[in-house]
Amino acid sequence: MSEKKPLASMSLDLDNQWSYMKTHADSGWESFPSYLDVLVPRVLEFLEKRGLKITFFIVGQDAALEKNYAALRSIADAGHEIGCHSFNHEPWLHLYSEQQVEQEITLAEEHIERVTGKKPIGFRGPGYSFSSTVLRVLDRHGYQYDASTLPTFIGPLARAYYFMTTKLTPEEKENRKQLYGELRDGFQPLRPYRWQLDGGSDGLIEIPVTTMPVFKIPFHVSYILYMSRFSPFLARFYFRFALEMCKLTNTPPSLLLHPLDFLGCDDLKELSFFPAMDLPGEKKIELVGEVISTYTNQFTVVPLRKQAHALANENKMSTLVPRLRSLGGNAP
Ligand SMILES: [Zn+2]
């Protein structure tokens with residue numbers, strides 16, 4: 001029992017109400033409706049109770065609005081890591097030109113640092129979007145890790161479902177045509193590695209969002225919540241099995257949380273189109289608590305920054321040259 005638990009990380013993508021509405025092409029997102037004042041104290045209390053420090057990936061646009069200052073500041077004050085989750089939260093970030101990416105990252109950083117007092121050294125693209133252009137810009141800005149890849153085969157399936165359930169104009173469809181990734185994303189490595197960038201520093205580490213080893217299906221907390229709507233037993237089993245597979249294959253897991261894991265139908269009627277939004281907030285937090293306990297019982301859970309440092313010190317990471325995700329390096 002005295003055996004040291006292996007290191008694992010946990011993060012929360014601080015997607016706000018407007019960014020869900022924007023991706024879903026719902027009107028009203030332009031006024032940037034926010035639930036951060038309700039969500040953030042709730043999540044901080046949850047983490048505090050469990051003695052956990054994690055990474056919050058913050059959207060620059062939220063840090064640019066005064067109504068969110070206090071909530072965002074309190075995350076940094078509680079000692080959590082502040083990561084960057086782009087400025088505009090457009091899941092088609094990989095279609096941006098280098099100049100657009102440069103602008104996007106610079107703007108996000110400025111606002112995030114001004115409000116939280118912390119300069120991000122980790123990045124996660126919206127909707128798991130990434131490109132060699134984004135990686136190059138991150139490297140130039142001194143980032144130590146990227147956490148945007150989701151090695152799974154189910155991306156195109158998720159996109160098909162999204163197109164089926166969302167009314168989009170042809171232009172909106174064009175922007176979203178590679179949303180949630182491609183089939184071949186399933187061949188991306190699951191274990192962290194270093195990006196080998198043309199003319200870059202070779203220092204940028206990739207920490208993928210962990211999917212189940214071998215099967216490459218996601219197991220982040222939102223999936224477990226969704227599954228538990230059908231069978232709590234199966235959901236529990238699936239999560240434990242995924243963690244077991246990580247241990248067997250020596251994959252250090254990085255678990256992903258979302259705001260909607262902590263918000264229920266009693267908090268947000270506007271997002272009822274989202275899976276598992278038929279549960280009240282309290283019930284969800286109870287379920288999430290159970291999942292997180294399973295995780296922390298088996299792993300020492302730290303922010304991604306710490307995981308990246310530990311990996312860098314081990315010095316046995318493989319390297320990878322980023323392939324071109326798409327031919328569209330042009331402006332959308
Ligand atoms: Zn996001």
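These legends describe close-up views of a predicted model.

**View 1. The zinc ion and its protein donors.**
Three residues supply the protein donors of the zinc ion: Asp15, His85 and His89. Asp15 offers an OD atom, while His85 and His89 each offer NE2. These donors lie 2.0 to 2.2 Å from the zinc ion. Along the sequence, the donor residues follow the spacing D-x69-H-x3-H. Asp15 and His89 bring distant parts of the chain together, as they are 74 residues apart. Asp15 sits in the loop between β1 (7-13) and α1 (17-23). His89 sits in the loop between β3 (81-84) and α5 (98-116). Are Asp15 and His89 buried or exposed? Both Asp15 and His89 are buried.

**View 2. Helix α9 crossing helix α11.**
Helix α9 spans residues 221-228, and helix α11 spans residues 281-298. Their axes come within 10 Å of each other. They cross at roughly 120 degrees. An angle over 115 but not over 145 degrees counts as oblique, so α9 is oblique to α11. The crossing of α9 past α11 is right-handed.

**View 3. Residues where α9 meets α11.**
From α9 come Val221, Ile224, Leu225 and Ser228. They meet Lys284, Leu287, Val288, Val291 and Ile292 of α11. What kinds of residue make up this contact? Seven are nonpolar, one is polar and one is charged. A general rule helps in reading such a view: an α-helix has 3.6 residues a turn, so residues three or four places apart point the same way.

**View 4. Helix α6 and its surroundings.**
Helix α6 covers residues 132-140. Why is this helix described as largely enclosed by the rest of the structure? The reason is that seven of its nine residues are buried. Those buried residues are Ser132, Thr133, Val134, Leu135, Val137, Leu138 and Asp139. What do they pack against? Their partners are α5 and four strands: β4 (122-123), β5 (145-146), β6 (193-195) and β7 (205-206). Just past the end of α6 comes Gly142, with a positive phi of about 80 degrees.

**View 5. Ser293 and Arg50.**
Ser293 belongs to helix α11. Its relative accessible area is 32%, so Ser293 is partly exposed. In sequence, Ser293 and Arg50 are 243 residues apart. In space, their C-alpha atoms are 8.6 Å apart.

How values were computed:
Residues are numbered from 1 along each chain as its sequence is written. This is a predicted model: local features need pLDDT of at least 70, side-chain atom pairs count only at pLDDT 80 or more; totals for chains, interfaces and linings use all residues. Side-chain values use heavy atoms; hydrogens and water are left out. Donors are N, O and S atoms within 2.8 Å of the metal (3.2 Å for Na, K and Ca); water is not among the atoms, so sites may look incomplete. Helices (H or I, at least four residues) and strands (E, at least two) are DSSP runs, numbered from the N terminus. Buried means under 20% relative accessible area, exposed over 50%, partly exposed in between (1.4 Å probe, protein chains only). Axes are lines fitted to C-alpha atoms, for helices over the stretch in contact, and angles run from 0 to 180 degrees between N-to-C directions. Angles under 35 degrees count as roughly parallel, over 145 as roughly antiparallel, 65 to 115 as roughly perpendicular and the rest as oblique. A crossing is left-handed if the near helix is turned anticlockwise from the far one by less than a right angle, and right-handed if clockwise. Contact means heavy atoms within 4.5 Å. Ala, Val, Leu, Ile, Met, Phe, Trp, Tyr, Cys and Pro count as nonpolar, Asp, Glu, Lys and Arg as charged, and the others, Gly among them, as polar.
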